[in-house]
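Here is a short briefing on one protein chain. Please keep the sequence and the 3D view open while you read.

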Amino acid sequence: MVKAVTWLEPLCGDMGAMSFGPAFHLVGALKSAVATLPTLWRQSWLALAALFALVLISQVPQIEIGLRRGLIMTSLLFQFVVAGGLYRVALFGERYAKAEGLGLGGIQFGKPELRLIGAGLLVALFWLMVFATLCVMLALFLGAAGLADQSHSTPHGFFLELVNGPQPQGIVLLVAIAGVMLTLTILSVKLWLHQAATVAEHRVVSLNALTLSSGQTVKLFLGYAYLALPFIVVSAVIPNAGNIAGLTPALIVNLALGIAVFLPVSIAFLASAYRQIMELRAKG
């Protein structure tokens, strides 16, 4: 897989011209992520296994609803523990990760985890505020365009307007929705580095990540998409037949690949991108 990323080099060679400053080396970050994966497994195997077990058990249909909700909440909180361990290894290396508080098998709960939770809450709050603002703007825009109909309050109503509605109303609706989705996607990508910065800088980094990723958004998205592509393909071809304790083999395999492979390799990619960006800024 390390060699496979070389096909991106022609695509990314001139991408620095699209940035507001020096851009990190995308292929180098991808190669570093793949090369770091065995180390991440070795240092965080227990945390990854525990997260997989929590998520898998929460999906079993036979368990009581209260227990299911408790497992889901525990899984959400435990993700910060896993992220804290993985980022320690990816940012500081196997040699210095323990000095940063890495626990046995990647399970620990210290100041970095508390900072990650705080940063995550701030980022989520900001994202929700932007989402609500865009929804209000979209509603006002649709009202001004004469599209503020009750039928648009459901996805089915939106779809009917796009397909069967008079023109240009359908086109206006499509453009408005596309604009909202594009804005939210760009905002999400620009905030991806907040966890890496929080662990590396030993402080809560939330909206500061917007300036940290300035000029790097396209490369961050391309790298993440490249890493996600194999998992999307595998997910599409796994047969959905069969049943194991009420769970399909496809669900189990997707959870295993997502937690054991995609989660650590994506964190390693973001950590490498963060390190490069900080080195470029230090050089001026």
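This is a predicted model. Tyr224 has a relative accessible area of 25%, so Tyr224 counts as partly exposed. Tyr224 also takes part in an aromatic pair with Trp192. The points below start with the fold and then turn to rings, core, single residues and pocket.

**Overall fold**

- The chain has 10 helices and 0 strands.
- Read from the N terminus, the elements run α-α-α-α-α-α-α-α-α-α.
- The chain has 284 residues, and 42% of them count as buried.
- Take the contacts between residues at least 6 apart in sequence: 75% of them join residues at least 24 apart.

**Aromatic pairs**

- The whole structure holds 5 aromatic pairs.
- One of them joins Phe24 and Phe269 edge-to-face, at 6.2 Å centre to centre and with 65 degrees between the planes.
- This pair bridges distant parts of the chain, 245 residues apart. Phe24 sits in the loop between α1 (9–12) and α2 (26–58), and Phe269 sits in helix α10 (residues 249–283).
- Are these two rings buried or exposed? Phe24 has 0% relative accessibility, so Phe24 counts as buried. Phe269 is buried too, because its relative accessible area is 0%.
- Trp192 and Tyr224 form a tilted pair, with 4.4 Å between centres and 35 degrees between planes.
- This second pair also links distant parts of the chain, 32 residues apart. Trp192 is in the loop between α6 (169–190) and α7 (194–201), while Tyr224 is in helix α9 (residues 217–237).
- Trp192 counts as partly exposed because its relative accessibility is 22%, above the 20% limit for buried.
- Ring pairs connect Trp192, Tyr224, Phe231 and Phe262 into a cluster.

**A charge over a ring**

- Phe24 has a further partner: the charged end of Lys219 sits over its ring, 5.8 Å from the ring centre.

**Nonpolar cores**

- In soluble globular proteins, nonpolar side chains tend to be buried together.
- In this model the largest nonpolar core has 58 residues. Phe24, Tyr87, Leu220, Phe269 and Tyr274 have the most contacts inside this core.
- Which elements give two or more residues to this core? They are α2, α3 (65–97), α4 (111–144), α7, α9 and α10.
- Apart from this core lies another, of 10 residues, among them Val123, Val130, Leu184 and Ala209.

**Around Phe269 and Gly223**

- Beyond its neighbours within four places in sequence, Phe269 contacts Phe24, Leu26, Ala29, Leu30, Ala33, Lys219, Leu220, Gly223, Tyr224 and Leu227.
- Gly223 belongs to helix α9. Its relative accessible area is 0%, so Gly223 is buried.
- Not counting residues up to four places away in sequence, Gly223 touches Leu26, Leu30 and Phe269.
- The C-alpha atoms of Gly223 and Ser266 are separated by 8.8 Å, although these residues are 43 apart along the chain.

**Around Leu46**

- Leu46 lies in helix α2. Leu46 counts as partly exposed because its relative accessibility is 28%.
- Leaving out neighbours within four places in sequence, Leu46 is in contact with Leu104, Gly105 and Ile107.
- Between the C-alpha atoms of Leu46 and Gly103 there is 9.9 Å, with their positions 57 residues apart along the chain.

**The largest pocket**

- Rolling a probe the size of a water molecule over the atoms shows where empty space is left.
- The largest pocket here has a volume of about 880 Å³.
- Its lining counts 29 residues, and the closest to the pocket centre are Gln79, Phe80, His194, Gln195 and Leu263.
- α2, α3, α4, α7 and α10 each supply at least two residues of the lining.
- Which element gives the most to the lining? Helix α10 does, with 8 residues.

**Gln195, a lining residue**

- Gln195 is among the residues closest to the pocket centre, and helix α7 holds Gln195.
- Is Gln195 buried or exposed? Gln195 is buried because its relative accessible area is 18%, under the 20% cut-off.
- Setting aside neighbours within four places in sequence, Gln195 contacts Phe80, Ala83, Tyr87 and Leu116. Of these contacts, Phe80 is also named among the residues closest to the pocket centre.

Notes:
Residues numbered from 1 in each chain as written. Predicted model: local features only at pLDDT ≥ 70, side-chain atom pairs only at ≥ 80, totals over all residues. Heavy atoms only, no water. Phe/Tyr/Trp six-rings, centres within 6.5 Å; stacked < 30°, edge-to-face > 60°. Helix = DSSP H or I, 4+ residues; strand = E, 2+ residues; numbered from the N terminus. Buried < 20%, exposed > 50% of the residue type's maximum accessible area, 1.4 Å probe, protein only. Lys NZ or Arg CZ within 6 Å of the ring centre and 35° of its normal. Core = buried A, V, L, I, M, F, W, Y, C linked by side-chain atoms within 4.5 Å. Contact = heavy atoms within 4.5 Å. 1 Å grid on protein atoms, 1.4 Å probe; cavity = no way out; pocket = protein on both sides within 12 Å on 5 of 7 lines; lining within 4 Å. Points joined across faces, edges and corners; volume = space filled by probe spheres on them.
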